[in-house]
Amino acid sequence: MRFLPVFLDLKAGPVVLIGAGELLRAKLRVLAAAGAHIRVHAIDGNHDLGLGSEDAARVDVAAGDPLTADLSGVIAVVCAGAGDVGIVMSVRAKALGLPVNVMDDLEHSSFIFPAIVDRGDVVVAVGTGGTSPVVARRLREKIEALLPARIGELAEFIGSFRKTINGRIAEFPLRRRFWERIIDGPIGAAVLAGRKGEADAALKAISDPSAFARAGEPEGSVALVGAGPGDPDLLTIKALRALQDADIVFHDELVSPEILDRIRRDTTRVPVGRRIGKPGIGQDAINQCMIEAARSGQRVVRLKGGDPFVFGRGGEEVEALRAAGIAYSIIPGITAGLGGAADFEVPLTYRHEATRITFLTAHKARDAEAVDWSTLTDTRMTVVVYMGLTAAPAIRAGLLAAGRSPETPVGVFARVTRPDAQGAVGTLCDLPELVRRTQGGPAILIIGEVVRHAGSLRRDTPQHIISDLLDAAE
Ligand code: SAH
């Protein structure tokens, strides 16, 4: 992030605006709408600025040369359609430590204008670091469509009661709950529906705000949340909501940083995962931490890669929570096998060709030896193996010994749904080599005829090349 979004107080002093033509007039409108006092230098001499009388009162048309104009007391310099004058003004402003924007010129700008959604007190600024105003504008349109029309009024309404409530609820988390209950409940709905008087009366009628904030809240709870295989856009809406509501999140190592970014900023994050070669804090300790946090009244999220109930030890955690009498919920996630299938276009079932799916884990060669491979020889069964990289040679040996054909198509799909995802397909014979080619985990193996349909191996390998690879292997 090169530019930090901040909101500038325009009452602090005048903004100097330099430029010409429609570009100048457009910036003038933005600044005037925000209530700025503006000193305009129209360098083409055209002083027809097209302002309404109300705005015009806050605009001074400056006569002198902007390059020598006095900038003391000025809070920002903006150049729009100013040509080379903009560059010189940028140098001048920077020397004085003044924020400066030269339109469409990142090099000479120390701040940039976002696309703005303006709903009164609620303002959303969308930036793209100056790279693509078009993307910012498209996003703004989407946000416009998403935001309730009266969201600004809701903010104003809350603002008008904030002092009173601050005085009556001392603890910050409880205060947050109070406002969440107001916003999500009938009072918030009344404001959004334009019935402010009703909302006002209802809020004033709350005699004990602390009790109101506590009412209906469980004592503390745990949500086991599936984070999916990596792509943050694959989080479910429920998962996202849980992340935004949580007071504390215990997360696995496998959860991607992009997903951790979706957690509310002031939420405590505790990594508890194990990684190969690094011991974690242990399952019992994790259970204990979650239970203690919930007992202290917190909303706890236990965030796991993929789905909590697919090789995720969610079952054990639920048992511990039940035994401790803690309220809990389970929010499923997209398991790595499904993420990989979608990412690499491998349909796990296919009419007549694949009618069964087995999800299997084989962490170590020892585990692979314990698998009864004779149950996995049906050619119409797709086998998805988790944690199978180390044991790949043993998996191959087991399947071959049980009688599955060495020509069975196999895919190794690593880091699925992430930007560095990589896949390799071949036959059961090649399995250890395919593992080497995908360069590290986490990875799933998919074994079965359906792998022939794989449509992308890093999205730029066309299907016919995959067919050729498989044919060559045969
Ligand atoms: N609960 C998880 C699985 C945890 S076990 C789920 O439902 O996906 C960990 C194993 O999951 C890894 O060894 C790997 O086999 C698989 N895995 C997790 N994330 C993955 C990813 N992004 N790409 C490929 N495999 C992944």
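**Figure 1. The surroundings of the ligand in this predicted model**. The ligand is surrounded by 18 residues, where a surrounding residue has a heavy atom within 4 Å of it. Asp307, Val310, Thr335, Ala336 and Ala443 are the closest. Sorted by class, this shell holds 12 nonpolar, three polar and three charged residues. Here Ala, Val, Leu, Ile, Met, Phe, Trp, Tyr, Cys and Pro count as nonpolar, Asp, Glu, Lys and Arg as charged, and the others, Gly among them, as polar. Domain 3 (221–334) and domain 4 (337–473) each contribute at least three residues to the shell, with bounds taken from an automatic or database domain assignment.

As a reading aid, residues are numbered from 1 along each chain as its sequence is written. Because the model is predicted, local features need pLDDT of at least 70 and side-chain atom pairs count only at pLDDT 80 or more, while totals for chains, interfaces and linings use all residues; side-chain values use heavy atoms, with hydrogens and water left out.

**Figure 2. Backbone contacts to the ligand**. Let us look at the polar contacts, which are pairs of N or O atoms within 3.5 Å. A backbone N or O atom of Met387 sits 2.8 Å from an oxygen atom of the ligand. For Val416, a backbone N or O atom is 2.8 Å from a ligand nitrogen atom. Ala443 offers a polar backbone atom 2.7 Å from an oxygen atom of the ligand. On its own the ligand exposes 550 Å², and the protein buries 92% of that (accessible areas by the Shrake-Rupley method with a 1.4 Å probe).

**Figure 3. The largest nonpolar core**. This core has 25 residues; such a core is a set of buried Ala, Val, Leu, Ile, Met, Phe, Trp, Tyr and Cys residues joined through side-chain atoms within 4.5 Å. Buried means under 20% relative accessible area, exposed over 50%, and partly exposed in between (1.4 Å probe, protein chains only). Trp373, Leu376, Val385, Ile395 and Leu431 touch the most other members. At least two core residues come from each of strand S14 (381–386), helix H16 (392–402), strand S15 (409–414), helix H17 (431–437) and strand S17 (443–447). Helix H16 gives the largest share, four residues. Helices (H or I, at least four residues) and strands (E, at least two) are DSSP runs, numbered from the N terminus. In soluble globular proteins, nonpolar side chains tend to be buried together.

**Figure 4. Backbone details in three loops**. In the loop between H17 and S17 you will find Pro442, joined to Gly441 by a cis peptide bond with omega of about -5°. Phe311, in the loop between strand S11 (299–304) and helix H13 (314–324), is not a glycine, yet has a positive phi of about 45°. Its relative accessible area is 36%, so Phe311 is partly exposed. Met387 belongs to the loop between S14 and H16, and its phi, near 55°, is also positive in a residue other than glycine. With a relative accessible area of 40%, Met387 is partly exposed too.

**Figure 5. Two exposed residues, Ala342 and Leu8**. Ala342 is part of helix H14 (residues 336–343) and has a relative accessible area of 56%, so it is exposed. Its C-alpha atom is separated by 15 Å from that of Pro232, 110 residues apart along the chain. Leu8 lies in the segment before strand S1 (15–19), exposed at a relative accessible area of 51%. From C-alpha to C-alpha, Leu8 and Ile330 are 43 Å apart in space and 322 residues apart in sequence.

Key: Polar contact = N/O pair within 3.5 Å; in protein donor to acceptor, adjacent residues only side chain to side chain.
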